[in-house]
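Reader: I would like to learn how to read the relation between two copies of a chain, and I would be glad to go through it step by step.

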2 protein chains.
Amino acid sequence: MLRYFPILDWGRSYTRTALANDLVAAVIVTIMLIPQSLAYALLAGLPPEAGIYASIAPIILYAVFGTSRALAVGPVAVVSLMTAAAVGEVASQGTAGYAVAALTLAFLSGGFLLLLGVLRLGFIANFLSHPVIAGFITASGILIATSQLKHILGVPAGGHTLPQMFTGLWSHLDDTNLVTLAIGLSATAFLFWVRKSLKAFLKRLGVPSLPADILTKAGPVAAVVATTLAVQIFDLAEQGVKIVGDVPQSLPPLTMPGLSPELVGSLLVPAILISVIGFVESISVAQTLAAKKRQRIDPDQELIGLGAANLGAAFTGGYPVTGGFARSVVNYDAGAETPAAGAFTAIGLAIAAVALTPLVYFLPNATLAATIIVAVLGLVDLSILKKTWEYSRADFSAVVATIAVTLLVGVEAGVASGVILSVMLHLYKTSRPHVAEVGLVPGTQHFRNIHRHKVVTEPTLVTLRVDESLYFVNARFLEDLIQSRVTEGCEIRNVILMFSAVNEVDYSALESLEAINHRLTDMDVGLHLSEVKGPVMDRLTRSHLTTTLNGQVFLSQFEAWEHLRRKSPNQTAVQ
Amino acid sequence: MLRYFPILDWGRSYTRTALANDLVAAVIVTIMLIPQSLAYALLAGLPPEAGIYASIAPIILYAVFGTSRALAVGPVAVVSLMTAAAVGEVASQGTAGYAVAALTLAFLSGGFLLLLGVLRLGFIANFLSHPVIAGFITASGILIATSQLKHILGVPAGGHTLPQMFTGLWSHLDDTNLVTLAIGLSATAFLFWVRKSLKAFLKRLGVPSLPADILTKAGPVAAVVATTLAVQIFDLAEQGVKIVGDVPQSLPPLTMPGLSPELVGSLLVPAILISVIGFVESISVAQTLAAKKRQRIDPDQELIGLGAANLGAAFTGGYPVTGGFARSVVNYDAGAETPAAGAFTAIGLAIAAVALTPLVYFLPNATLAATIIVAVLGLVDLSILKKTWEYSRADFSAVVATIAVTLLVGVEAGVASGVILSVMLHLYKTSRPHVAEVGLVPGTQHFRNIHRHKVVTEPTLVTLRVDESLYFVNARFLEDLIQSRVTEGCEIRNVILMFSAVNEVDYSALESLEAINHRLTDMDVGLHLSEVKGPVMDRLTRSHLTTTLNGQVFLSQFEAWEHLRRKSPNQTAVQ
């Protein structure tokens, strides 16, 4: 029970202090979430209320099932972008079909996450390497910011890739609405200033840290209020400024995702990608915050928590959600102690949905776009290119491929190509493993590469340390290598394969070892193994190899060396 | 020059003895190839002469570019089956488009093989693990034998999967032509008897080994002659026995593969699969035969040889070819010394194409089908299931998936699912690596698993030997593992990661190591590395890790142990 309902754990010891802290955090997060929720709904191509609905039921469900104390679940930028890309393929924006498809996406995503959680398959998130994630987040940030330029210009351009968006903007450049542009640019400039300089400015004015912090977080609210009032007072909607308009004044409605086979079929792959990306983003945030307080996150239970949250979104008029970085950090910094803070945030947003929605009638879309642009430019971090370039060309090329394909082809293709390239490069690297010929480091029982260290060798005895697990991708490589090394020197009587770095021998490699043994027997050369690890040895003893091997299996390389050297009369030479 | 034209190597030292041996081998192989070529063309859905044409130019081109002395190139069963499956998707059997598509397939396959050879990318064949190949060949044998039953029954059933074929046969069962069935069954029985018992029978009669061998090889020719005469004499074609009919009497024609974008687009993936399967089959045969005479095969040059052979097939009325197992072994056993034997075989087949084709007018298809069935049942070897089951469940499931998908869905899906499953299982295994806590084997400098060996340990010092390369798939796993091990015992002062089995640390794992270092520093625990291999150390020194590491990097684990133990006052305990 405790495993599936973490709430039973923290709920039992809930204190008055924790309650107070959670309430303060909830107020701050609610203020921050109102404009953000509207903005991300806009990014996802959905009506503004969908963003608020997506923050209510999901937060509560995560509070029941999630293991992180500080994670705040709801719409996030990258997932909103992926939602727009996926749903845009099956329906047009503004139609009822579009909203239903978004519900279906949340439903499929929630179901997939739950399934992974129950089957404890959270490890599949590991297929996204750090460089691929970093590249994808950066590219998404660029795409999102670009996608908002149309709202700043007030033109109806579309597109899901960078070239499409720029072509769209370019062809509509003459239609730019100058009033919208003025609102958009000033909101953007103001929000950048708030982000960069407001806190320092307030501190210089002598404002204490906490209120300064809250004021900084309320920056987007100020922009919303100011531009809304400007539109209302000067009747700017008449001048062509696009506004949010009517937002229904209601609690989240009960909705049904569409489950027709065609819809499910075309949204299944995007749903899986959204789930995995969302899970990786969420778990990284949760683990970072948990480590600061030495708390533990259970990745499999997190899958269940996020799965429940997405199912909640699917049935209450939302769209796919996950644990967001910005909102979670704000929640943590504001002092949230338990998931109850999330529940209080949900109550705050429910009140906003019922009472405050008429107030945003005159809110210009350009302001929401400015909020998004300022938020996502923080995601863009091209330093990953330099870091991976210096460390490893393989990782670098995975980053470049992910960024380029995401920008030029789309988000799903971007993630997929990053993952596939990472896997291919890893397999390629292991297909030509490093094999070191080793000798004894004098005065020790330690063996190292004869080309890197001053070691003792013995001409009749070759020891090869294979620096890779042996499996189908490199099985033939080993055959060729030993064949060519042994035919090089006629005096070779014994070959030792030092297996200290061999973590697996699969069936293909077993057959290769049998072939090697067979050929060396024909050439009257002994084949020995040393330092075979327990799990590998267990498996080899189940095969014929250990009985047909023409040599011995030694516990340590030193033992093999001592034994086989004693048998041969030649002298040793220090290289 | 020598690299790309191996003919310059053996051609220079060609002797009279070699010539005599090559001629004898060529005669034997030619006799065997005439019925086989006709039969495989039938299997591929092509007119019978295509099989002979596919054996002429390709053999000569392989003799110029190939490195194997005994490999015989031409149509083979598995590739013929794959050709039928691929070409059947774009054209109907018997149409001109069908033959053109087969040429295109050979052209694409040849181009792809040449490209791989020039780029020296032969390693991609390694993605086919031994179990996947064994499973695929077995399943293909079953499919091929089943596909020939319609010729034995004399009914027009079709289908490319086992269920389709059986449904087809079942629905046509009433149409069975009893005369055809009688011919087919007796030919099959006769060929089985020839294969199993003729040689022993002839030896008992006192026939020397070589003639007995040649007579056995000529078994299919005897079946062809007998059934052809029977059809001609008793006018069985009138009774509905399907016969080969008119075969043009000509040398291979000059043909052009179709290169329209749609055709190329729909045949590209099958062509790549056929190339890879054909290459793997061919290189295995070539290496087995070369090893017997201590000759060397250059896999990249083999790609060029097979590529040239397939291009030759594309322009001379053939279809995809590769080095066949049966024909190569016969060639080798018959004493072929150089690729000139292949060239003489080509001359023999050219003579057959011009002079002998009218003789096969009355040859019943049922006899060809019997030839195929007897040949391919030798491919079916279900023992791989037992062998892999005993050795490794992962390899076993790859075999089962390959066999099941090949039989039920098709040859391309079968290979693809085998490869994908092998890769996924490998990644899954490496995602949860074996990590051993090790201690010192008393009286040595050797460290082994504390749970398997009697070793000395030290309570303040934990040494973890990670038995896997560290890369994105398992980077987070290591973080979790160390975190939980260190929080287990409060007295732990130092952690040594023994890197003897770590062959790679990619960027994701580097970030994980940095995170581990950071957390351990916070907990006042030292993090040390030991036995880091040269290539891994080279890379780590390029990162920040070596400077930020709170502990040291030791050359050997023993050195680390001695150094860190001296610093702590606790006693050691033998477990």
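**Two copies and the side they share**

Author: Let us begin with the single chain: of the 575 residues of chain A, 54% count as buried, and this holds for a model that is predicted.

Reader: How many helices and strands are there in chain A?

Author: Chain A has 24 helices and 10 strands, and its C-alpha trace spans about 100 × 60 × 60 Å along the principal axes. Among contacts between residues at least 6 apart in sequence, 81% join residues at least 24 apart.

Reader: By what turn and shift can chain A be laid on chain B?

Author: Two copies of a chain are related by a rotation about an axis and a shift along it. Here a turn of 180 degrees, with a shift of 0.0 Å along the axis, lays chain A on chain B with an RMSD of 0.1 Å. The two copies are therefore related as by a two-fold rotation axis.

Reader: Which residue of chain A comes closest to the rotation axis?

Author: That is Ala501(A), whose C-alpha lies at 1.9 Å from the axis. The same surface serves both copies, since 98% of the contact residues of chain A recur in chain B.

Reader: Which helix gives the most to the side of chain A that touches chain B?

Author: In the interface, 51 residues of chain A are in contact with 50 residues of chain B. Several helices of chain A each supply at least two residues of that side, among them α7 (130-153), α20 (472-488) and α21 (507-522), but α19(A) gives the most, with six residues. By character, the residues of this side of chain A divide into 17 nonpolar, 20 polar and 14 charged.

Conventions
Residues numbered from 1 in each chain as written. Chains lettered and ligands numbered in written order. Predicted model: local features only at pLDDT ≥ 70, side-chain atom pairs only at ≥ 80, totals over all residues. Helix = DSSP H or I, 4+ residues; strand = E, 2+ residues; numbered from the N terminus. Buried ≥ 20, exposed ≤ 12 C-beta atoms within 10 Å, placed from the backbone. Contact = placed C-beta atoms within 7 Å. Least-squares fit on C-alpha atoms with pLDDT ≥ 70 in both. Nonpolar A, V, L, I, M, F, W, Y, C, P; charged D, E, K, R; others polar.
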